[in-house]
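User: Got a minute to go through this model with me? I'd like to start with the helix packing.

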Amino acid sequence: MSSPFIRLSRYDARNFFVEEALVTDSLPHRATLADVAEALGVSKATVSKALNGRDGISPETRERVLATVAALDYRPTTSPSLSASRRAIAAVFDIPGSPYILGVLQGALAAATAGHLDLLTRLAPEGSSRRRRAVARNWIADQRAAGVVGIVGLTLSEPDGLIAAASEVGMPFVIVDPVDTHSRNLVSIGSSNWAGARNATEHLLTLGHRRIAWVGGPAASDAARERLYGYRAALDAAGIPVDPLLTRTGRFDTTSGSEHARELLALGQPPTAIMAGDDEIAVGVLATAHAMGIRVPDDLSVTGFDDTPQSAWTTPPLTTVHQHLEGMGEVAVQTILAMGDGGRPASRRIELATTLTIRSSTGPAPTARTRA
């Protein structure tokens, strides 16, 4: 049986593919994944990779698939029996295996289980592709086909396309600690980052520290900025000017912490304390201090942020700002369920309180004599 699609392609002067359109006949036919693959002359696996933002295909092929999907108005088929019998919450994120992510997922799982829903974990489509309307719509359609009734996004960067596609079909979407998003319809869950960083800074000030360095996360991250502002506010209240040489931004990972710590500790007047924007950065700071023969906390005090399980097992155990990670996951799922029942969240931004967990990585500021 011949395909009801006619393939029309246009090439530029170098014979490079520019665009491809498909014209359908008058048959009452709903496009399937196989139809898209046949029209393009590729495998169904290739089409699936393009729609889900996975690696393994060229940018040119991905663009062809997306153009064809839009032309055919392809939508994944939904199994009525699956959707009717199984309901689920999808947790979508960019970085699997992060202690932070695992903490939030634990709370989301508890809340989903209490609500008699499954919790499905999803890697987000890659950043460049999920901004395309066709990719976002089809990704959301895939979730609906799996019985998903709401989505929790974890620290996503630029998820606006997914949020818009979810909104089109009435699917609640809640972000935990959003990164670099400008959606006015965003409902988000987070911690009191500003207050947490200020409390940690005040703790170091009471120990006599005056040269306190900051190593934070990406400048585009809302959470990273709020923590930096809390650090600055505490110094300002103590009458201590912020030293640009002691203020660093980078990534939320151990490598960034290690690199910045090495630079800070090599200064002519090194800091007596380093505040890390999260626990992973702090682990990198501790490792570098140890490698340089700098004793913690005798020569250098170190603080983190998150209070992930690893913070209690560092050497020495880490003083850190405790975020209720499980609580954020629970509140995110509960908010989704309330929105699904037609309710509106009391606020589009919900913040959970933070507390300071004091361990042995912080101590009194060393005197000039003890440092010598």
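User: Is the crossing of helix 7 and helix 8 left-handed or right-handed?

Analyst: Right-handed, which by definition has the near helix turned clockwise from the far one by less than a right angle (anticlockwise would be left-handed). Bear in mind that this is a predicted model, where local features need pLDDT of at least 70, side-chain atom pairs count only at pLDDT 80 or more, and totals for chains, interfaces and linings use all residues. Residues are numbered from 1 along each chain as its sequence is written, and side-chain values use heavy atoms, with hydrogens and water left out.

User: At what angle do the axes of helix 7 and helix 8 cross?

Analyst: Roughly 55°, and the axes of helix 7 (residues 133-145) and helix 8 (residues 160-168) come within 8 Å. The two helices are therefore oblique to each other.

User: Which residues make the contact?

Analyst: Helix 7 uses Ala-136, Arg-137, Trp-139 and Ile-140, while helix 8 brings Gly-161, Leu-162, Ala-165, Ala-166 and Glu-168; contact means heavy atoms within 4.5 Å. They split into six nonpolar, one polar and two charged.

User: Switching to pockets. What volume does the largest pocket have?

Analyst: About 560 Å³. A pocket here is an open set of points on a 1 Å grid over the protein atoms alone, where a 1.4 Å probe fits, with protein on both sides within 12 Å along at least five of seven lines; lining residues have an atom within 4 Å of a point.

User: Which lining residues are closest to the centre of the largest pocket?

Analyst: Of the 22 that line the largest pocket, Ile-95, Ser-98, Thr-155, Phe-252 and Asp-278 are closest. Helix 5 gives the most to that lining, with three residues.

User: Which helix gives the most to the lining of the second largest pocket?

Analyst: Helix 8, again with three residues. That second largest pocket holds about 320 Å³ of space, and among the 15 residues lining it, Ser-167, Asn-185, Val-187, Met-339 and Arg-348 are the closest to its centre.

User: Backbone now. Where is a cis peptide bond?

Analyst: One joins Val-296 and Pro-297, with omega about 10°; Pro-297 sits in the loop between helix 12 and strand 11 (301-306). Another cis bond joins Thr-315 and Pro-316, with omega about -5°, and Pro-316 is in the loop between strand 11 and strand 12 (319-322).

User: What is phi of His-116?

Analyst: Near 60°, a positive value in a residue other than glycine. His-116 is in the loop between helix 5 and strand 4 (118-123).

Note on methods: Axes fitted to C-alpha atoms, helices over the stretch in contact; angles between N-to-C directions. Helix = DSSP H or I, 4+ residues; strand = E, 2+ residues; numbered from the N terminus. Parallel < 35°, antiparallel > 145°, perpendicular 65-115°, else oblique. Nonpolar A, V, L, I, M, F, W, Y, C, P; charged D, E, K, R; others polar. Points joined across faces, edges and corners; volume = space filled by probe spheres on them.
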